[in-house]
Amino acid sequence: MAVTRVANDCNLTLVLQTGVDPQGNPITKKKTFSNIKTGASHQDVFDVASALANLQQHGVNKVLRADIGELVNA
């Protein structure tokens with residue numbers, strides 16, 4: 001039997017740099033947006049992240065996408 005993946009959920013996380021510590025390392029904060037369409041292309045998710053980045057007080061350090069799915073026997 002072949003195992004297939006069924007997409008259940010997708011999250012977009014912006015990692016914001018809020019400052020630096022005394023050693024010069026970045027201090028970060030995460031903002032996560034849930035219920036992203038599982039079928040959305042990476043480019044579309046990145047475009048939304050870019051638009052959201054313009055609304056943030058702090059600069060964006062990273063853009064993360066987490067796709068969650070279930071593995072089932074087909």
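## The nonpolar core

In this predicted model, the largest nonpolar core is made up of seven residues, namely Leu12, Leu14, Leu16, Ala40, Val45, Ala49 and Leu52. Two elements, β1 (3-20) and α1 (42-53), each give two or more residues to this core.

Leu14, one of the core residues, offers a closer view of the surroundings. When its neighbours within four places in sequence are left aside, Leu14 is in contact with Ala49 and Leu52, which are also listed in the core, and with Lys29, Lys30, Lys31, Phe33, Ala53, Gln56, Lys62 and Val63.

## Fold and contacts

The secondary structure of the protein consists of one helix and three strands, and along the sequence these elements follow the pattern β-β-α-β. Among the contacts with a separation of 6 or more, 67% are between residues that lie 24 or more positions apart.

## Overall dimensions

The radius of gyration of the protein is 16 Å, whereas a compact globule of 74 residues would have a value near 11 Å. Taken along the principal axes, the box filled by the C-alpha atoms is roughly 55 × 25 × 15 Å.

## Surface and charge

Of the 74 residues in the protein, 16% count as buried. The accessible surface comes to about 5300 Å², and carbon and sulfur atoms account for 52% of this surface.

The protein has 7 positive and 6 negative charges, and the mean positions of these two groups are 5 Å apart.

Notes. Residues are numbered from 1 along each chain as its sequence is written. This is a predicted model: local features need pLDDT of at least 70, side-chain atom pairs count only at pLDDT 80 or more; totals for chains, interfaces and linings use all residues. Side-chain values use heavy atoms; hydrogens and water are left out. A nonpolar core is a set of buried Ala, Val, Leu, Ile, Met, Phe, Trp, Tyr and Cys residues joined through side-chain atoms within 4.5 Å. Buried means under 20% relative accessible area, exposed over 50%, partly exposed in between (1.4 Å probe, protein chains only). Helices (H or I, at least four residues) and strands (E, at least two) are DSSP runs, numbered from the N terminus. Contact means heavy atoms within 4.5 Å. The radius of gyration is taken over C-alpha atoms; the globule rule is 2.2 Å times the number of residues to the power 0.38. Accessible areas come from the Shrake-Rupley method with a 1.4 Å probe; for residues, only the protein chains shown count as cover. Lys and Arg count as positive and Asp and Glu as negative; His and the chain ends are not counted. The place of a charge is taken as NZ of Lys, CZ of Arg, CG of Asp or CD of Glu.
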